[in-house]
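Trainee: I am new to this structure and would like a close look at a single part. Please start with the empty space inside, then go on to whatever else can be described in detail.

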Amino acid sequence: MTNTYKTLNPLGSSAPKDLYDNASNFDEGMNSLLPSFKDRFDRRRETWSGMETAFRTMLDSFGFVYLADYVDGVPGIVLTSRNQYIVRDGVQYHLSPEAPLPFTTTGVWATDQTSFLAFTDDGALRLDLADQADPLKGAAMIGYLGAPLPTTLEALAASIAGVNAFRVVNTVAALEAGAPASVQFQMTSGYYGQGDSGGGVWYRRIPSDTTSASNGGTILVDVNGIRWYMCHNGSVNVEQFGIKPDGVTNAVGQLNIMLAVPTIREITFNAGPYLLTGNVSVGTGKTLRGIKGGGTSLIVSGAGTIILRQVTNISGFTVDCTNQSVGNWLFNLSTSQGSMEYVTIEDITTYHCKGFIVDDNHVSNVATNIRIRGISNRLLKGPCMLFRDVWAFLECRDIAADYVGNVAAQNFTAFSISNNQGCLFDNCEVTGTTGLVVGTNGAQIGFSFTNCLATYLRRCFADTVGGRGFFFSGCGYPRLVMCTTGLCDDTATYFSSCTDVQITNHYAAGRRGLAGATAGIPAMYFSACTGVMISGADVLNATGDGILTAANTTQLTLSGSRMASNGGRGLTTGAGSVSITTGCVFANNVTANYSLATSTDHLSGCQASSGALLNVTGPGAA
């Protein structure tokens, strides 16, 4: 049926003959009951029917289920699946592929046997190994040094007694109660009780060690003074140190002990909740790993702060800071004892907290290569992030700072970065106060960058902030791509004394038309900036001008943008301005389309609300 033309043209051909052959191939591959067909390159392919048959055959080979013993003269065994088997005279049989389903035995073996196949030796062996009912089958069939393997750990311990004896106990307390001298290894099935996730394996330390103190986890000391050391690969669970997931017992003491053990590189957590009251100090090279997706619950109360050093990683936590002391940060990336490098914090959800702080006021120490990703901060009672003097390479991705305060007294900046070189914010979002008090939340800022070099914001969003959405002061090479800010009570996007600014595909909207909105606020503002390039911007609904430049902003290039429905002018340039605006649209601005302050301001190929084409050199307004 297939390959009427068989041109053998190369893959990707759009020749009508090849398209015809492709359609025929598809029809046969999907609808034929044959097991295979040939494609237009004359290669053998399985049909859908062939794949279904192969899949059923594979499933049938996965395992068999005993159904009944076959007794001659007794009919009526009904087999409904090919992985069911019967036993006749000690031999196991399963249905042949040709036998119909369901199949009912007649009780006459001469008639029935043509529909059955005897198991091969490996098939019978698989059945016997899977048998948990017969005491002579299953694990009892596996030999160990010429004898059957024991069926329990206790029997295993007994079977090797006197060699390197192994003992199983239920709790750490039972281990600490002492063991016979022959015991070299002990396993606990829990810490406080059997199955509580605190179990592990410990080995007897050399007799000469008589001084190591118990730390409640990797080192245990029994009543006879014997030191027992935990067997681990560098990753230890907190419950193996007796930390309780009850949300009531303070975990800080034992957690800090774990963090001080040099051989522990990774500390893992179960679901929790775990209570942290007090500071947790995460040293160099340590990882705190919760359950992916924020599946580990932490409750931080009192003066609790998680202090990080360099080369640390934290992930997988949901943190409730409702009862944390006011003014305390959740994460403090401290440089007080040395430089801060290669820190990763990700997959964290927080409630009612102040988020992350790096305050590098130690001249000889640096903070660099910090990555914060996948963070959701809800109902903040302080900044989401305050980074001062981070020397280089800060990467922040997928971070949400929601509800940064809800009263006038809570005036803080969600993201505050200063004196930083090399900063990336990607897909980060700020939602402002839940009850904006117009005119009183001015210090509440979405993103603030001061004296930073090479800052890149991509797909970032600031909404309903009492102050400014994006604020840059004294920055070089800031770049905003596909960013949005709207409904802020102050300027949506603000630049002061910045150089080499690039803004692309930007949306800046004010609060014009909303009750109580502060009057005269521009959507975008530039003061004493040099080298500003804006393209593809949408500047709308400001209570003042759409774009306002002031105090010698020069080398401004504005292209392919729209200034519409602003309460003042679409564009206003200030004294000392040097600008060129091309291919822009001015629509429905209340005061005027534009106001150009100097003879070095130019409009070219722009369109006004009336539809008129604007080719203008300042000074002038219209």
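Mentor: This is a predicted model, and the structure holds one cavity of 30 Å³ or more. The volume of the largest cavity is about 60 Å³. It is lined by 15 residues, and those closest to its centre are Cys488, Asp490, Gly510, Arg511 and Ile521. By type, the lining of the largest cavity divides into eight nonpolar residues, four polar and three charged. In general, such empty space is found by rolling a probe the size of a water molecule over the atoms.

Cysteines are the next topic. With a disulfide taken as a pair of cysteine sulfur atoms within 2.5 Å, the count comes to zero disulfides. Cys452 is in no disulfide, since the nearest cysteine sulfur, that of Cys475, is 4.8 Å away. Cys452 has 2% relative accessibility, so Cys452 counts as buried. Cys460 is likewise in no disulfide; for Cys460 the nearest cysteine sulfur belongs to Cys428, 4.7 Å away. Cys460 counts as buried too, because its relative accessibility is 1%.

Helix 7 is the last part. It covers residues 252–259, and its buried residues are Val252, Leu255, Met258 and Leu259. These cover an arc of only 120 degrees around the axis, so they lie on the same side of helix 7. An α-helix has 3.6 residues a turn, so residues three or four places apart point the same way. The buried residues of helix 7 pack against strand 16 (235–237), strand 17 (266–268), strand 18 (274–277), strand 19 (280–282) and strand 20 (287–289).

How values were computed. Residues are numbered from 1 along each chain as its sequence is written. This is a predicted model: local features need pLDDT of at least 70, side-chain atom pairs count only at pLDDT 80 or more; totals for chains, interfaces and linings use all residues. Side-chain values use heavy atoms; hydrogens and water are left out. On a 1 Å grid over the protein atoms alone, a cavity is a set of points where a 1.4 Å probe fits but cannot get out, and a pocket is an open set with protein on both sides within 12 Å along at least five of seven lines; lining residues have an atom within 4 Å of a point. Grid points are joined across faces, edges and corners, and a volume is the space filled by probe spheres set on the points. Ala, Val, Leu, Ile, Met, Phe, Trp, Tyr, Cys and Pro count as nonpolar, Asp, Glu, Lys and Arg as charged, and the others, Gly among them, as polar. Buried means under 20% relative accessible area, exposed over 50%, partly exposed in between (1.4 Å probe, protein chains only). Helices (H or I, at least four residues) and strands (E, at least two) are DSSP runs, numbered from the N terminus. The arc is that of the directions from the helix axis to the C-beta atoms. Contact means heavy atoms within 4.5 Å.
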